Each structure stands twice: as structure tokens, then as C-alpha cells.
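This report goes through one protein model, beginning with its polar contacts and moving on to the chain as a whole, its surface and its cysteines.

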Amino acid sequence: MLKGRISVSSPSLTIFVRMIKRTYLLLPLIIVGSVLLFSFLHNKELSKNIEHEGCCLSQGTLVEMSNGKVKLIELLQAGDTVLAFDRNTNKYVRSRVLKTFQTEHAGFVKLKFGSLFRNGIQIFDTLSIIVSADHPIWIKDKGWCSSEPEMTKRILMLKEVKKIKVGDFCYTNKDLSMEGFSGDAKLVSIEKVKENVQAYTIVQLENKMDCFVANGIVVGTEAMSMESGGE
């Protein structure tokens, strides 16, 4: 018969107990580190999907050239001559592209415009364009507008930008009866685009022009020199 208590201690058990104690002491640091890592990755993902990286148009947008042809915006280069729009005269002019920009981000909207009939004759079919929510559109009787006017003002340093709304009239070159002047296209719907978009834009045009024609609609450039104003 054994007397006294049997010792169960051993070098391996001692090391194991020490490891448990150290893990217990480090547990708060592990938890805090995990929370910070999760927060960082989460914010990074939000930034990827929400933050705007400039006022842009979707890949596949057709830019009207000065020779009457169209060119995909992703193929547009500095030196190309596009059909620009003079806000002071409401007429179309030639203007050379000085700088372009491309990126990828979320936060886009699809603007749809109704077709136009005059005396029972269709002047032009429905139009649509996908732009970043902060991209400036020159609207009849309102001036610069966008889906996110505060963001547009901050990015482009504009004093006044209004909210674009269904029922607004945008300028279009599709009404050929206007003989060089701009026609009107009525905005009929605004839809959010959920996914990220490969995006492009004209940053600057020569002769201080700040509007060009994309998918038949007059849109603004991303030039920081654009002035506020309406008609």
C-alpha cells in the first residue's frame, strides 16, 4: 500500500501549464488584434465598393467625335478631337482632348432618356448613359447637376450643383432638326448600378470647353476649372 500523495508533475506537464498561462495572458491582445484586423479589412472593402475615385463614365460609352463618328471612351486619347458643347451659346464646337483618366470603382447610376417624336415622326430613340453618381451633367434651366451634388462640389470645387431628377431635360445632339444647336432629352429614370465599373473620362479639353457628348447626352469633363452657373 502506497503512503502519501503521488506526484503527477513532469517536465512536459510543467511546460504545458506555462503555455496555458501565457496564452491566457496574451488572450486580450489576440482578441484586440483580431478586432483591429477585421475592422481594417472591412473598411478596405467598403472603400473599394463605395468610395468614388473621380467623376467618370462607364466603359463602353460612345463619345461623339468632331467628324460625326463615335469612339469608345476607353480608346479615347489626348489629341483626339471631339464634339464639345459651348454652354454660353448652346452650340456644338470642335475641341481637342488634352487629358484623359481611367479608374475602377462603384457608385454609378444609369440615366435613361425617353425617345422624342415630333409630328408623329420619331426624331431619336431612347438614350441611356452610365455615369458615376458625382459626374456633372449640364441640365436645361438648372445648370450643373448630379446624383450626388455635394460630392460633385467637393471633387470639382464647384460652388453650385443641384440634384438631378426624373423629368429634367438634358441636352442632346440627336435632334438633327436643331441645325447645330442642342436639342432636349427628357430624363425618365435613374437606376443605381451595384457592381464596380471600369470607368473613363475626359479631364480637360482645349479652349476651356468643359462639356462633351457621350451616348448622345451632354456631360461635363472632370476639369477643376469648371464654373458654376445656370442659364
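A polar contact is a pair of N or O atoms within 3.5 Å, where, within protein, one atom must be able to donate a hydrogen and the other to accept it. The model examined here is a predicted one. By that cut-off, the side chains of Asp168 and Lys142 are joined by a polar contact, because their separation of 2.9 Å falls within 3.5 Å.

**Asp168 and its surroundings**

Asp168 is placed in the loop between strand 12, residues 162–163, and strand 13, residues 169–172. Despite this loop position, Asp168 is buried, since its relative accessible area is 11%, and buried means under 20%. When residues up to four places away in sequence are not counted, Asp168 touches Ile139, Lys142, Lys163, Ala185, Lys186 and Leu187. Lys142 therefore appears both in this list of contacts and as the partner in the side-chain polar contact.

**Asp86 and Arg87**

Asp86 belongs to strand 4, whereas Arg87 is found in the loop between strand 4 and strand 5, the latter covering residues 91–105. Asp86 counts as buried, at 16% relative accessibility, and Arg87 likewise counts as buried, at 18%. The side chain of Arg87 makes a polar contact of 2.8 Å with the side chain of Asp210. Asp86, leaving aside its neighbours within four places in sequence, is in contact with Lys91 and Met209. Computed along the sequence, Asp86 and Ser182 are 96 residues apart, yet in space their C-alpha atoms are 9.8 Å apart.

**The chain as a whole**

The protein chain contains two helices and 17 strands. Of its 231 residues, 39% count as buried. Among the contacts between residues at least 6 apart in sequence, 61% join residues at least 24 apart. The chain exposes about 14,000 Å², of which carbon and sulfur atoms supply 56%.

**A nonpolar surface patch**

Which residues form a nonpolar patch on the surface? The patch is formed by Leu62, Val70, Leu72 and Leu75, which together have about 310 Å² of accessible area. Leu75 lies in the loop between strand 3, residues 70–72, and strand 4, residues 81–86. With a relative accessible area of 48%, Leu75 is partly exposed, because the exposed class begins over 50% and the buried class lies under 20%. The C-alpha atoms of Leu75 and Gln59 are separated by 9.6 Å, and these two residues are 16 residues apart along the chain.

**Cysteines**

The structure holds zero disulfides. Cys170 is in no disulfide, and the nearest cysteine sulfur, that of Cys145, is 8.1 Å away; because a disulfide needs sulfur atoms within 2.5 Å, this separation does not qualify. Cys170 counts as buried, at 0% relative accessibility, and Cys56 is buried as well, with a relative accessible area of 0%.

**Accessibility of the residues discussed**

The table gathers the relative accessible areas and the resulting classes.

| Residue | Relative accessible area | Class |
|---|---|---|
| Cys56 | 0% | buried |
| Leu75 | 48% | partly exposed |
| Asp86 | 16% | buried |
| Arg87 | 18% | buried |
| Asp168 | 11% | buried |
| Cys170 | 0% | buried |

Conventions
Residues are numbered from 1 along each chain as its sequence is written. This is a predicted model: local features need pLDDT of at least 70, side-chain atom pairs count only at pLDDT 80 or more; totals for chains, interfaces and linings use all residues. Side-chain values use heavy atoms; hydrogens and water are left out. Buried means under 20% relative accessible area, exposed over 50%, partly exposed in between (1.4 Å probe, protein chains only). Patches are made of residues with over 30% relative accessible area and no salt bridge: like charges are joined within 9 Å, nonpolar side chains (Val, Leu, Ile, Met, Phe, Trp, Tyr) within 5 Å. Accessible areas come from the Shrake-Rupley method with a 1.4 Å probe; for residues, only the protein chains shown count as cover. A salt bridge is a side-chain nitrogen of Lys or Arg within 4 Å of a carboxyl oxygen of Asp or Glu. Helices (H or I, at least four residues) and strands (E, at least two) are DSSP runs, numbered from the N terminus. Contact means heavy atoms within 4.5 Å.
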